[in-house]
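The following exercises concern one protein model. Study the sequence and the structure before attempting each task.

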Amino acid sequence: MAEIISLHKPPRMRGIKQAIEELRAADSGTALTEHALRRLILSGALPSVRCGTKYLINMDVLTDYLYKGSCGGEELSAAGIRKIAE
């Protein structure tokens, strides 16, 4: 059988607790909590993959979200009101 070579490395998927642990290892003073991360996932602000009862988060997407404040969707103003297309 031919060997399949992948050019892409697999995504770094973590559960909510493991994602927070990895963030705390990188930044011990992080203000992000498990509860806050869970709310971001359940609200749809942060994409995740549901596997049974667990939510798996791509750590690269989480890092981008923390830097940018969004996942590339439409942005909210400071008051949380979306701009209507004219």
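**Exercise 1: The surroundings of glutamate 22**

Glutamate 22 touches Arg12, Arg14 and Met59, where residues up to four places away in sequence are not counted and contact means heavy atoms within 4.5 Å. The model is predicted, so local features need pLDDT of at least 70 and side-chain atom pairs pLDDT 80 or more, whereas totals for chains, interfaces and linings use all residues. Residues are numbered from 1 along each chain as its sequence is written, and side-chain values use heavy atoms, leaving out hydrogens and water.

Task: determine in which helix glutamate 22 lies, and how far it is from methionine 59.

Solution. Step 1: glutamate 22 lies in helix 1 (residues 16-26); helices are DSSP runs of H or I with at least four residues, strands are runs of E with at least two, and both are numbered from the N terminus. Step 2: glutamate 22 and methionine 59 are 37 residues apart in sequence, and 9.0 Å apart in space, C-alpha to C-alpha.

**Exercise 2: The strands**

Task: identify how strand 3 (residues 54-58) pairs with strand 1 (residues 13-14).

Solution. Step 1: the two strands pair in the antiparallel sense over 2 bridges; pairing requires that DSSP finds at least two bridges between the strands. Step 2: arginine 14 stands opposite isoleucine 57 in strand 3.

Task: find the bridge partner of valine 49 in strand 3.

Solution. Step 1: strand 2 (residues 49-51) runs antiparallel to strand 3, joined by 3 bridges. Step 2: the partner of valine 49 is leucine 56.
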